[in-house]
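Hi,

Here is the structure I promised to pass on. Have a look at it first, and then read my notes below.

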Amino acid sequence: MAKLVECVPNFSEGNNKEVIDALGQAISRTPGCVLLDVDAGASTNRTVYTFVGSPEAVVEGALSAARMAGQLIDMSQHKGEHPRMGALDVCPFVPVMNVSMEECITCAHIFGQRLAAELGVPVYLYGEAAREETRKALPTIRAGEYEALPEKLAKSEWAPDFGPSTFVPRWGATVTGARTFLIAYNINLLCTKELAHRIALNIREQGRGVDQPGRLKRVQGIGWYLEEENIAQVSTNLLDFETTPLHVVYEEVCQDAKSLNLPVVGSQLVGLVPKKAMLDTAEFYIKKEKLFILEEEQKIRLVVSRLGLDSLSPFHPQERIIEYLVQAGEVDGGLVAKPLGAFVRAVGGRSAAPGGGSVSAAAAALGAALGCMVGLMSYGKRQFEKLDPIMRKLIPPFHQGMDELVAMVDADSRAFSSYMEAMKLPQSTPEERERRTSAMQQGLKTAVRVPCALAEKVSGLWPALKELACHCNLACKSDIQVGAKMLEAAVFGAYFNVMINLKDITDEKFKLAMSQKVSGLLEEAKQGSALVLALLEKREL
């Protein structure tokens, strides 16, 4: 699969539409770059661009925009609410898909070196790309902002990583680096800038200093006032949304605001957000309010409602969630994006993939889907009202399993394709033959692990399916019967695919472990399916 890096350059211009558009065009016209979002702020006088591409492409895209900024932005005239030190203030590279942090660090180093060389400006490295521990945190480098640069650059300890230690009035200085996905998230308050900043100091990790740290780990924060909206904001950067999720920041700000008798009037996401961050927040409110929501779209809608993400402007998930944008830009959506007829014809084509593994995954997904359907047909109706608590427990595993198993349709096809590609590697020299053999063995192991993982996922569904058979709406008897046999058939398919690929693997320990595991899962599937059918027959007696 293609390597995908996100680049999020922040330029110090948020009011001049011509400049904002010119910078965006410089990015979007770069081959291999897809501009996903442009978020301009008038009060902050800053625009955040988000684009993705291969590691090489995003470096070129960022350089193209920087060259344009060098012509159009004059930092000596810049004023804005947001801390800044340069025309291109900060330019992080973020791993998105099939890319390591090391590759993003390389992107930052190449970008910084070329930017300094081409424009003759000071460039600092931060985050994972920092060469010194004292430069890891962006606020530390940016302390004093643009106005402090002449004095700062004169100090040897603040010599830039690339470029001259001289002050460039029109440009200032740029910070580039590599980091995990940062979420820029602001909570709206009807109060003064000072009160918003008081709350920001309470929650941000840095707090008010070493002796007074804040409550939330991996969170930066500041309070400011948006003149164009006539509101204050606690503006935060979530450096690791899994350490401190969106809902924690929102709830903590609400708590402090309540103690100060200040109204919270929604919140705002700046730029893009990972889907997981939204779904984690959805799960928090679902659990807190004892809700029952299955569909991803509805979970996203719940988050928009609870956090008030549409308070300042409409929140369109397809334009703000990075996975949705990447998916929309993909030309080939894989096997699962095909209509059923096209998928069947692809299986029936004169090609080894898609084959039995993909068909097994599709069968498993359909089996899980039937379990989900039977659960829903036994829920939310007056005649089955007493079953609601049971169905609320049983339906989610099938719904989740359905989505995960669908993804394995393509995973299996890709796994086998990687083995086929390894077979095509050159074998003219001993070294080439060794590399080819190693790649083929790795390809075969992947082709074994995928169907084995499928059988393991199905294994997790048998307890719920057995309980569902004991309680479900009997009008759906045939559906749950078919579901049980589809899941069993899928595990048979997984077993056959594992065993046929194991025979050519030379790692005997791996072969034994996988053979024993998949054999056990097959036996469990046979027994599970038989028990489900027996339980259903017993209920009719």
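In which strand is valine 270 found? Valine 270 belongs to strand E11. Before I say more about that residue, please keep in mind that this is a predicted model.

Back to valine 270, then. With a relative accessible area of 16%, valine 270 is buried, because anything under 20% counts as buried. Tyrosine 185 is 85 residues away from valine 270 in sequence, yet their C-alpha atoms are 6.1 Å apart in space. If you leave out residues up to four places away in sequence, valine 270 touches Asp39, Val48, Ala184, Asn186 and Arg320.

Now the overall picture. The chain has 541 residues, and buried ones make up 50% of them. I count 18 helices and 11 strands in the chain. Taken along the principal axes, the C-alpha atoms fill a box of roughly 85 × 70 × 45 Å. The exposed surface of the chain comes to about 25200 Å², with carbon and sulfur atoms supplying 54% of it. As for contacts with a separation of 6 or more, 73% are between residues 24 or more positions apart.

Next, some helix packing. Two packed helices are described by the angle between their axes and the distance between the axes. I looked at three pairs that run through H6, H7, H8 and H9.

Start with H6 (residues 193-203) and H7 (residues 246-259), whose axes come within 10 Å and cross at roughly 125°. That angle makes H6 oblique to H7. The crossing of these two, H6 and H7, is right-handed. On the H6 side you will find Ile199, Asn202 and Ile203, and they meet Val249, Glu252, Val253, Asp256 and Ala257 in H7. By type, the residues of the contact of H6 with H7 are 5 nonpolar, 1 polar and 2 charged.

H7 also packs on H8: the axes of H7 and H8 come within 8 Å and cross at roughly 55°. H7 is therefore oblique to H8. From H7 the contact uses Leu246, His247, Tyr250 and Glu251, while H8 brings Ala277, Met278, Asp280, Thr281, Phe284, Tyr285 and Lys288. The residues in the contact of H7 with H8 divide into 6 nonpolar, 2 polar and 3 charged.

Then come H8 (residues 275-288) and H9 (residues 296-307), which pack at an angle of about 75° with their axes 9 Å apart. So H8 is roughly perpendicular to H9. Here Lys275, Met278, Leu279, Thr281, Ala282, Glu283, Tyr285 and Ile286 in H8 meet Glu296, Lys299, Ile300, Leu302, Val303, Val304, Arg306 and Leu307 in H9. The contact of H8 with H9 has 10 nonpolar, 1 polar and 5 charged residues.

A few single residues are worth clicking on too.

Valine 121 is in the loop between helix H3 (101-119) and strand E6 (123-127). Is valine 121 buried or exposed? Its relative accessible area is 2%, so valine 121 is buried. Glycine 86 is 35 residues from valine 121 in sequence, and the C-alpha atoms of the two are 9.7 Å apart in space. Apart from neighbours within four places in sequence, valine 121 is in contact with Leu115, Ala116, Phe162, Gly163, Pro164, Val168 and Trp171.

Two asparagines have a positive phi although neither is a glycine. Asparagine 230, with phi of about 60°, lies in the loop between strand E9 (219-226) and strand E10 (231-238). Asparagine 230 is exposed, with a relative accessible area of 54%. Asparagine 261 has phi near 60°, and its place is in the loop between H7 and strand E11 (264-270). At a relative accessible area of 69%, asparagine 261 is exposed as well.

Asparagine 501 sits in helix H17 (residues 477-502). Which side of the buried cut-off does asparagine 501 fall on? Its relative accessibility is 11%, so asparagine 501 counts as buried. Leaving aside neighbours within four places in sequence, asparagine 501 is in contact with Leu444, Ala447 and Val448.

That's what I have for now. Shout if anything is unclear.

Cheers

Terms used: Residues are numbered from 1 along each chain as its sequence is written. This is a predicted model: local features need pLDDT of at least 70, side-chain atom pairs count only at pLDDT 80 or more; totals for chains, interfaces and linings use all residues. Side-chain values use heavy atoms; hydrogens and water are left out. Axes are lines fitted to C-alpha atoms, for helices over the stretch in contact, and angles run from 0 to 180 degrees between N-to-C directions. Helices (H or I, at least four residues) and strands (E, at least two) are DSSP runs, numbered from the N terminus. Angles under 35 degrees count as roughly parallel, over 145 as roughly antiparallel, 65 to 115 as roughly perpendicular and the rest as oblique. A crossing is left-handed if the near helix is turned anticlockwise from the far one by less than a right angle, and right-handed if clockwise. Contact means heavy atoms within 4.5 Å. Ala, Val, Leu, Ile, Met, Phe, Trp, Tyr, Cys and Pro count as nonpolar, Asp, Glu, Lys and Arg as charged, and the others, Gly among them, as polar. Buried means under 20% relative accessible area, exposed over 50%, partly exposed in between (1.4 Å probe, protein chains only). Accessible areas come from the Shrake-Rupley method with a 1.4 Å probe; for residues, only the protein chains shown count as cover.
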